Amino acid sequence: PVNYWMHANMLTMNGQRMSKSTGNYILPAELMSGENEFFDKAFHPTVVRFNFLQAHYRSVLDISNEAMIASEKGYQKLMEAIKILENIELPKSENSTFDVSAWKLKCDDALKDDFNSPILIAHLFEAVSYIFKLKEGKETLVEKDFNQLKGDLNTFVFEVLGLQKIEESNNAKLDQTLQVLIELRNQARKAKNFELSDQIRDRLLDEGIELKDGRDGTSYSIN
């Protein structure tokens, strides 16, 4: 599936045409293994697919480290919404504050519009936003609408877009842990607690994990 989107979209990387002659070039396998000089980490194939789907298949898609990380976060938020629907105890309500049928119609219209995946994804995140509010008790759904939303969301995500659930691995848990430490270090720096900030950085470095501060935030590499 990833190879299909690599060929279907007109790709650029970091705003420049991909070319072997200039060195601005990456293979799909390198994007997913992390063995390249352009991206800070490896990305799961379904995250790569989700990133590519955010551009229409007949338009230019620019891939970059920042765009891939944003797609990964978006994918995780989408999966979290699906998980909420699987586990939530729906309180009894006499009315729905979300028109599920109208939402599904908009999603269908996006597909009929030459498989306009970016518009479809925008509509999916409209539902995602609603689902988080539903969890907080700020919105309501009757059981019939709830079942329709749950079924339609799963259909669009897994059957239409072809995304998959990612089983959490030790690498994923490590990444989550490091992101927490990076956030704690950022908070220490904002509070001008540079002793703690440096301690976090140095302790990680002792374990072979180097933090890299850049214009777009802090990333890490494992040596």
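Confidence across the protein chain averages a pLDDT of 87, with 92% of residues at 70 or more. Keep in mind that this is a predicted model. Among the elements of the chain, helix 5 has the highest mean pLDDT, at 97, while helix 1 (residues 2-8) has the lowest, at 43. Helix 5 therefore makes a good place to begin a tour, and its mean pLDDT of 97 is the reason for that choice here.

**Where to read with care**

- Over residues 1-9 the pLDDT falls below 50, although this stretch still has 23 contacts in the model beyond near neighbours in sequence.
- Where pLDDT is low, the predicted coordinates should not be read in detail.

**Helix 5, end to end**

- Helix 5 covers residues 100-112, and its end C-alpha atoms are 18 Å apart. That agrees with the 18 Å expected for 13 residues at 1.5 Å a residue.
- Which residues of helix 5 are buried? They are V100, W103, C107 and A110.
- Seen down the axis of helix 5, these buried residues fall within an arc of 80°, so they line one face of the helix.
- A general rule helps here: an α-helix has 3.6 residues a turn, so residues three or four places apart point the same way.
- The packing partners of the buried residues of helix 5 are helix 6 (117-135) and helix 7 (143-160).
- At the N-terminal end, D99 acts as the cap of helix 5, with a side-chain oxygen 3.4 Å from the backbone nitrogen of S101.

**Two positive phi angles**

- D114 comes just after helix 5, in the loop that leads to helix 6. Its phi is positive, about 55°, although D114 is not a glycine.
- Is D114 buried or partly exposed? With 28% relative accessibility, D114 counts as partly exposed.
- N14 also has a positive phi, near 55°, and is a residue other than glycine. N14 sits in the loop between strand 1 and strand 2 (16-17).
- The relative accessibility of N14 is 40%, so N14 counts as partly exposed.

**The nonpolar cores**

- The largest nonpolar core has 44 residues, and W103, L124 and L149 touch the most other members.
- Strand 1 (10-13), helix 3 (45-53), strand 3 (60-63), helix 4 (65-87), helix 5, helix 6 and helix 7 each supply at least two residues of this core.
- What does L149 touch, leaving out residues up to four places away in sequence? The list is L85, F98, V100, W103, A127, Y130, I131 and L141. Two of these, V100 and W103, are also among the buried residues of helix 5.
- Another core, of 7 residues, lies apart from the largest one, and its members include L204, I209, L211 and Y220.

**Helix 3, largely enclosed**

- In helix 3, 8 of the 9 residues are buried, so this helix is largely enclosed by the rest of the structure.
- The buried residues of helix 3 are T46, V47, V48, R49, F50, N51, F52 and L53. R49 and N51 are worth finding on screen, as both appear in that buried list.

**Out at helix 9**

- F194 belongs to helix 9 (residues 194-206).
- F194 has a relative accessible area of 47%, and so counts as partly exposed.
- How many ångströms separate the C-alpha atoms of F194 and D113? The separation is 53 Å, for two residues that are 81 residues apart along the chain.

Note on methods: Residues are numbered from 1 along each chain as its sequence is written. Side-chain values use heavy atoms; hydrogens and water are left out. Helices (H or I, at least four residues) and strands (E, at least two) are DSSP runs, numbered from the N terminus. The expected span of a helix is 1.5 Å times one less than its number of residues. Buried means under 20% relative accessible area, exposed over 50%, partly exposed in between (1.4 Å probe, protein chains only). The arc is that of the directions from the helix axis to the C-beta atoms. Contact means heavy atoms within 4.5 Å. A polar contact is a pair of N or O atoms within 3.5 Å; within protein, one must be able to donate a hydrogen and the other to accept it, and residues adjacent in sequence count only if both atoms are side-chain atoms. pLDDT is the predictor's confidence in each residue, from 0 to 100. A nonpolar core is a set of buried Ala, Val, Leu, Ile, Met, Phe, Trp, Tyr and Cys residues joined through side-chain atoms within 4.5 Å.
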